[in-house]
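Dear colleague,

I am handing over the structure below, together with some notes on what turned up in it. Please read them with the model open beside you.

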Amino acid sequence: MSSKDFRFGISGSIQGVDLNRLLVQHSLSTYFMRVAEELPDFELHAGDVLVVDRSLKPTKTDLVVVAKTDDPELRIAAFKTIDRSVELWGVVTSVIRSLRQ
């Protein structure tokens, strides 16, 4: 009995996808954070995993993670909207989302 090939034209010599190589540019300053609740303004869903790089300097279109000195929770914000009352914690570089619940 023959087995079906579900690789859809992918060469058998390919080792696979290394997500660290694909998503992490600076391993010593990159963190993974899970989104706790829906954030529709940023198109983020509860359970999404953010790849956050603390070594990057944000641009005006970046999504960033910020911290308030009096609040232990980290928050997600658009860089263009943050003010001086928060400390920049890192830049969101990727979102990992499960399509199946």
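A residue is called exposed here when its relative accessible area is over 50%, and buried when that value is under 20%. With a relative accessibility of 63%, glutamate 43 therefore falls among the exposed residues. Please keep in mind throughout that this is a predicted model.

Glutamate 43 caught my attention for its backbone as well, since its phi is positive, at about 60°, although the residue is not a glycine. Its place in the chain is the loop that runs between E1 and E2.

As for the overall architecture, the protein chain contains one helix and five strands, and reading along the sequence gives the pattern α-β-β-β-β-β. The five strands form an open sheet, in which the order is E1-E2-E5-E3-E4 and the pairing is antiparallel. Strand E1, covering residues 30-34, and strand E4, covering 71-78, stand at the edges of this sheet; each has a single partner strand, so that one side of each is left without a neighbour in the sheet. On average, neighbouring strands of the sheet are turned by 35° against each other, if direction is ignored.

Within that sheet, I looked at one pairing in particular. Strand E2, made of residues 49-53, is joined by five bridges to strand E5, made of residues 87-96, and the two run antiparallel. In this pairing, valine 51 stands opposite serine 94 in E5.

Turning to the surface, Val17, Leu19 and Leu22 together make a nonpolar patch of about 340 Å². Valine 17, one of these three, lies in the segment that comes before helix H1, which spans 19-23. Because its relative accessibility is 67%, valine 17 counts as exposed, by the cut-off that was applied to glutamate 43 above.

Finally, here are some totals for the protein chain. Of its 101 residues, 28% count as buried, and its accessible surface comes to about 8,300 Å², of which carbon and sulfur atoms contribute 52%. Among the contacts with a separation of 6 or more, 47% are between residues that lie 24 or more positions apart.

With best wishes

Notes
Residues are numbered from 1 along each chain as its sequence is written. This is a predicted model: local features need pLDDT of at least 70, side-chain atom pairs count only at pLDDT 80 or more; totals for chains, interfaces and linings use all residues. Side-chain values use heavy atoms; hydrogens and water are left out. Patches are made of residues with over 30% relative accessible area and no salt bridge: like charges are joined within 9 Å, nonpolar side chains (Val, Leu, Ile, Met, Phe, Trp, Tyr) within 5 Å. Accessible areas come from the Shrake-Rupley method with a 1.4 Å probe; for residues, only the protein chains shown count as cover. A salt bridge is a side-chain nitrogen of Lys or Arg within 4 Å of a carboxyl oxygen of Asp or Glu. Helices (H or I, at least four residues) and strands (E, at least two) are DSSP runs, numbered from the N terminus. Buried means under 20% relative accessible area, exposed over 50%, partly exposed in between (1.4 Å probe, protein chains only). Two strands pair if DSSP finds at least two bridges between them. Axes are lines fitted to C-alpha atoms, for helices over the stretch in contact, and angles run from 0 to 180 degrees between N-to-C directions. Contact means heavy atoms within 4.5 Å.
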